[in-house]
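Okay, thanks everyone for coming. I've got one model to walk you through, so let's put it up on the screen.

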Amino acid sequence: QVQLVESGGGLVQPGGSLRLSCAASGLTFSRYGMGWFRQTPGKEREFVAAISRSGLPKYYADSVKGRFAISRSDAENTVYLQMNSLKPEDTAVYSCAAGLNVLPIPEIMRVPVRYDYWGQGTQVTVSS
């Protein structure tokens, strides 16, 4: 049974940092491209960042480029999202996703339906 479990969310002040983790089990992690998406109530799921199964390339939404960094550890079956210079508009539920056949091109990695498995999400709230 495949499981993706996110952790690391919480309440942070504007300008602060958080590091999200997504631990995967029940799959051969190194074969999967991984993505982070976020969602707020009443809005569609939004692409945040993605990383290919080899670790490169990486893609970011324009809204987080230069502030967020995605990485992966195949030894730990974990994908990370380092979030710096957080803004109130970054407030959302952040979910990780795993895709076996998600090609390492932005037009594919940005699309939620390309991913096979999803975690339950972790809440990130940026507020003073």
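Before the loops, a quick word on terms: when I say strand, I mean a DSSP run of E with at least two residues, numbered from the N terminus. And keep in mind that this is a predicted model.

With that in hand, let's start with Ser85, which sits in the loop between S8 and strand S9 (92-99). Its phi is near 50°, so we've got a positive value in a residue that isn't glycine. Ser85 is partly exposed, at 40% relative accessible area. Asn77 shows a positive phi too, near 55°, and again that's not a glycine. You'll find Asn77 in the loop between strand S7 (68-73) and strand S8 (78-83), and with 25% relative accessibility it counts as partly exposed.

One more loop oddity: the peptide bond joining Leu56 and Pro57 is cis, with omega about 5°. Pro57 belongs to the loop between strand S5 (46-51) and strand S6 (58-60).

Now, over to the strands. Which residues of strand S1 are on the covered face, and which on the uncovered one? In S1, residues 3-7, Leu4 and Glu6 are covered, while Gln3, Val5 and Ser7 make up the uncovered face. That's the textbook pattern: in a regular strand, side chains alternate between the two faces of the sheet. S1 runs antiparallel to strand S3 (residues 18-25), with five bridges between them, and Val5 stands opposite Ala23 in S3.

Next, a couple of polar residues. Is Arg38, in strand S4 (residues 33-39), buried or exposed? Arg38 is buried, because its relative accessibility is 6% and the cut-off is under 20%. Its side chain makes a polar contact of 3.5 Å with the side chain of Ser63. Beyond its sequence neighbours within four places, Arg38 is also in contact with residues including Glu44, Glu46, Glu89 and Asp90.

Thr122, in strand S11 (residues 122-126), is buried as well, at 11%. The Thr122 side chain reaches the backbone nitrogen of Gly9 at 3.3 Å. Among its other contacts, outside four places in sequence, are Glu6, Leu20 and Tyr94.

Last stop, the core. The largest nonpolar core has 38 residues, and those with the most contacts inside it are Met34, Trp36, Val79, Leu81, Met83 and Tyr94. Take Leu81: leaving out residues up to four places away, it touches Trp36, Val48, Phe68, Ile70 and Tyr94, among others. As a general point, nonpolar side chains in soluble globular proteins tend to be buried together.

Note on methods
Residues numbered from 1 in each chain as written. Predicted model: local features only at pLDDT ≥ 70, side-chain atom pairs only at ≥ 80, totals over all residues. Heavy atoms only, no water. Buried < 20%, exposed > 50% of the residue type's maximum accessible area, 1.4 Å probe, protein only. Polar contact = N/O pair within 3.5 Å; in protein donor to acceptor, adjacent residues only side chain to side chain. Contact = heavy atoms within 4.5 Å. Helix = DSSP H or I, 4+ residues; strand = E, 2+ residues; numbered from the N terminus. Pairing = 2+ DSSP bridges. Core = buried A, V, L, I, M, F, W, Y, C linked by side-chain atoms within 4.5 Å.
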